[in-house]
Structure formats: structure tokens, C-alpha cells
Amino acid sequence: MNISKDCVVQLHYSLFDEQDNLIESTKSGDALAYLHGHNNMIPGFEKALEGKAAGEHVSITLPPEQAYGARRADAIQRVPVKHLSGAKVWKKGMTAVVHTEQGPRQVTVEKVGRFMVDVDTNHPLAGKTIRFEVDIQDIRAATAEELAHGHAHGVGGHQH
């Protein structure tokens, strides 16, 4: 079976920045599981894995347009400190989560005041070319429940 829409893909990946620094990796834990073709991964990642098979190693280099987009200069917003989650004390450069009407969003703290914080809403990897080293572990057809929910279940996927 090859990777196509409505397949659950289990894989390990390592993510690197333009300077070849490791940003994150799944290799020390369970494989990641995602439902292919349902916007659960960045578009360039899914496109690069389309048609691949279990056991393959894939190196994927993505420019910003296919990854997290270009950095937007107008992406600084002022929000109440109480809306940030992830730490008790905030400092410039820290990553926080803000809960928005579109769901949780990762932001970078730019300036901290007593009650308000200026945050950069660009994704931390916006404007950067990134590289994934991917080892495809397993591919299977999604269950009816996974298709209805729009994500993979079980180990490495969404836990209800």
C-alpha cells in the first residue's frame, strides 16, 4: 500500500532548520500517526509523501511557501497576559499558546508589560526553509471513525 488520501501513515521524523540544527524529532518516542489528505500536516510535507511506501526514507526540503509561510511584519498583537498559557513568568523570545476563535495558536513573546503582552503571531518557523528526514513505518486504510473525525486515532495519533 502506498500513501494516498484517507490512509493513516505512521512515521518518525527529524526536523532541521536552514543551518542544519535539529528542531525536533519523534525518534525517542512513538511514531507519529496522521490521516493523509486531511490537512493534518503542512501541505508540502503531505505532497512529498504522496505515493511513498512503508520502509522508505524520504528527505523533504520545503521553502517557506510550502511550509509555514512568509513572515508577516504586521503580525504583532497585544493580548492580556492571562490569555497566554505555557508558563507562569513571561520573557521576550518565549513561546506561548493563545486560545483564539480558530483554536490554539503558537506565538512568540515580543514585549512583556504588567497586564498586556505583545506577541508575534507568525509561526516560529515562518519565513524559513526547513528539512524533514522521514522514515515511513506503516500505512493502513483509515477507519470510518477516523475519516469522520478527520484525524488518526491510537498510538501516535489523537487520543480521545
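How much space lies in the largest pocket? About 600 Å³. Keep in mind on this tour that the model is predicted.

**Stop 1: the pocket**

Select Asn40, Ile42, Tyr68, Gln106 and His123. Of the 23 residues that line the largest pocket, these lie nearest its centre. Next, colour the lining by class. You should find 12 nonpolar, 8 polar and 3 charged residues. Now show strand E1 (7-16), strand E2 (22-25) and strand E8. Each supplies at least two residues of the pocket lining.

**Stop 2: the open sheet**

Stay with E8 and bring in its sheet. This open sheet has 5 strands, in the order E5-E9-E8-E7-E6. Their pairing is antiparallel. Look at the two edges: strand E5 (76-80) and strand E6 (84-85) sit there, and each pairs on one side only.

Zoom in on strand E7 (residues 95-100) and strand E8 (residues 103-112). They run antiparallel, and 6 bridges join them. To see one partnership, select Ala96 and Val107. Val107, in E8, is the bridge partner of Ala96.

**Stop 3: strand E4**

Move to strand E4 (residues 57-62) and turn on its side chains. Which of them are buried? Val58, Ile60 and Leu62 are, and they point to one face. His57, Ser59 and Thr61 point to the other face and are not buried. The side chains alternate along the strand.

Finish with the partner of E4. Select strand E10 (residues 130-141), which pairs with E4 in the antiparallel sense over 6 bridges. Pick out Ile60 once more: its bridge partner in E10 is Phe132.

How values were computed:
Residues numbered from 1 in each chain as written. Predicted model: local features only at pLDDT ≥ 70, side-chain atom pairs only at ≥ 80, totals over all residues. Heavy atoms only, no water. Pairing = 2+ DSSP bridges. Helix = DSSP H or I, 4+ residues; strand = E, 2+ residues; numbered from the N terminus. 1 Å grid on protein atoms, 1.4 Å probe; cavity = no way out; pocket = protein on both sides within 12 Å on 5 of 7 lines; lining within 4 Å. Points joined across faces, edges and corners; volume = space filled by probe spheres on them. Nonpolar A, V, L, I, M, F, W, Y, C, P; charged D, E, K, R; others polar. Buried < 20%, exposed > 50% of the residue type's maximum accessible area, 1.4 Å probe, protein only.
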